Amino acid sequence: MNIALLGFGVVCGGVYDILKNMPEYNVKKILIRNPAKLTMDCMTLDFADIENDSEIDLVVEAIGGLHPAREYILAALNAKKHVVTANKAVVAAYFDEFVAAAKENGVKFMVEATSGGGIPWIKNLQRVGRIDKVTKLHGIMNGTSNFILSAMTCEGKDFSDVLKTAQELGYAEADPSADIDGDDVRNKCAISAAIAFDTKVDVNSIMQAGIRHITKADIDWFKENGLVCKLFATAVCDKDNFDAVVEPVLLGCDTVEANVPKNYNITCLYGETIGEVKLYGQGAGGLPTGNAIVQDIIDINTNNAFDISFGKEMNKAEIIRGKYYIRIPAGLENYTEFIGDITEKTFTLGDDTVVVTTETTPAKIHSLLDANKDKAVFVARYF
Ligand code: HSE
């Protein structure tokens with residue numbers, strides 16, 4: 001099988017290293033952006049060299065971002081080449097367009113590497129879906145935020161110091177706000193929910209809150225109360241309705257999820273006959289993510305790739321509910337307008353006020369966040 005790589009950074013570097021030992025797969029061309037890095041004969045600066053090469057069967061896309069990734073993926077599919085991608089942003093935004101183009105051209109579009117790095121998550125969602133209706137999924141799907149929360153919880157470190165280390169270790173996105181504000185998890189949540197519930201999911205309909213404003217005082221209070229905070233994707237479905245949200249959650253300190261260390265991920269699903277399944281592994285990095293890409297390549301080459309159909313019409317509805325911990329900075333007066341009616345208890349933490357709510361919807365809590373974007377409000381749902 002002849003393969004082209006779009007990009008030669010961490011992920012395609014991992015793919016290249018794995019495929020080097022698999023003679024039946026030949027990396028015929030590599031698209032790079034920087035002329036100074038044209039170090040191998042197979043490298044090109046021109047995507048047309050790949051699009052017009054009829055010997056190339058499959059294109060791996062790992063350049064990241066929306067454009068030109070979208071155009072390259074569509075052009076490759078329309079040139080009747082299979083596409084395997086690790087680019088969660090472009091898939092979350094244009095998933096149904098890519099699936100339709102692949103179907104029209106009789107080729108495969110595969111996304112295992114977009115969500116959970118090396119964890120075989122997407123494939124297992126599809127396998128479970130052959131027998132069961134997947135009714136719920138959740139997970140830690142961002143290594144950078146987990147690295148930060150783990151170091152704050154286990155080593156008492158400060159947020160900004162740990163973020164710097166995560167960047168130095170290469171876990172974080174080019175703009176780490178995608179990691180700490182929840183955008184990266186939201187993309188993975190949209191892709192996972194679309195596969196699990198076999199439906200189109202508008203990524204922008206998923207509410208998100210991140211960990212930017214978490215403090216040592218929050219972490220200390222969680223510890224005193226036997227809780228651990230993690231940034232979670234949660235999605236549920238009920239008949240023709242589904243719901244999804246990305247936000248910090250509070251877990252009992254003895255749960256599996258609470259003990260996921262460092263930059264690791266965990267993804268969990270619930271099926272009717274299989275019950276609960278939890279998959280744990282490295283959610284980022286060149287070799288784990290490269291491994292997920294190569295698994296997709298092998299599945300295509302051996303006719304073991306699942307089709308994606310988005311066969312169900314489902315509505316986004318308010319199904320997820322929970323109690324929330326909300327820390328409100330001193331001086332933010334308008335909070336009672338939003339959560340006065342759902343306040344279960346209030347206490348002070350330093351100069352700030354903490355409200356623990358009664359059971360409510362994410363929409364109610366996120367309306368407080370949206371109205372106070374410039375303030376350091378921190379929220380976490382009791383899971
Ligand atoms: N920045 C991402 C993470 C990379 O930290 O999980 C993998 O998607």
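This report walks through a predicted model, from its domains to its sheet, one of its helices, its cysteines and a lysine in a loop.

**Domains**

Let's start with the overall layout. The domain assignment of the protein gives three stretches: domain 1 covers residues 2–110, domain 2 covers 121–282, and domain 3 covers 324–382. Measuring from centre to centre on the C-alpha atoms, domain 1 and domain 3 are 45 Å apart.

**An open sheet and its helices**

Now look for six strands lying side by side. They make an open sheet with the order β3-β2-β1-β4-β5-β6, and their pairing is parallel. At the edges you will find β3 (43–44) and β6 (109–110); each has a single partner strand, so one side of each has no neighbour in the sheet.

Further in, β1 (residues 2–6) pairs with β4 (residues 58–61) through 4 bridges, again in the parallel sense. If you would like one pair to find on screen, the bridge partner of I3 is L58 in β4. Helix α11 (residues 286–301) packs on this sheet, where it touches β1, β4, β5 (82–85) and β6. The direction of α11 makes about 160° with that of β5. Helix α1 (residues 10–19) lies across β1, β2 (26–31) and β4, and runs at about 155° to β1.

**Helix α5 and its two faces**

Which residues of helix α5 are buried? In this helix, residues 121–131, they are W121, I122, L125, Q126 and V128. Viewed down the axis of α5, these buried residues fall within an arc of 165°, so they line one face of the helix. A general rule helps here: an α-helix has 3.6 residues a turn, so residues three or four places apart point the same way. On the face of α5 turned away from the buried side sit the exposed residues R130 and I131.

What covers the buried residues of α5? The cover includes β7 (134–140), α9 (183–197), β11 (264–271) and β12 (275–282).

**Strand β7 and its partners**

Strand β7 is itself mostly covered, with 5 of its 7 residues buried. The table shows how β7 pairs with two other strands.

| Partner of β7 | Direction | Bridges | Example |
|---|---|---|---|
| β11 | antiparallel | 6 bridges | G139 with T267 |
| β9 (residues 227–238) | antiparallel | 4 bridges | H138 opposite T234 |

**Cysteines without a bond**

How many disulfides does the structure hold? The count is 0. As a reminder, a disulfide is a covalent bond between the sulfur atoms of two cysteines. For C42, the closest cysteine sulfur belongs to C12 and is 11 Å away, too far for a bond. For C154, the closest one is in C253, also at 11 Å and too far for a bond. Are C42 and C154 buried or exposed? C42 is buried, with a relative accessible area of 19%, while C154 counts as exposed at 66% relative accessibility.

**A lysine in a loop**

Finally, find K375, in the loop between α13 (362–371) and β17 (378–382). At 35% relative accessibility, K375 counts as partly exposed. Leaving aside residues up to four places away in sequence, K375 touches H213 and L332. K375 and L332 are 43 residues apart in sequence, yet their C-alpha atoms are 7.8 Å apart in space.

Technical notes
Residues numbered from 1 in each chain as written. Predicted model: local features only at pLDDT ≥ 70, side-chain atom pairs only at ≥ 80, totals over all residues. Heavy atoms only, no water. Buried < 20%, exposed > 50% of the residue type's maximum accessible area, 1.4 Å probe, protein only. Helix = DSSP H or I, 4+ residues; strand = E, 2+ residues; numbered from the N terminus. Arc of directions from axis to C-beta. Contact = heavy atoms within 4.5 Å. Disulfide = S-S within 2.5 Å. Domains from an automatic or database assignment. Pairing = 2+ DSSP bridges. Axes fitted to C-alpha atoms, helices over the stretch in contact; angles between N-to-C directions.
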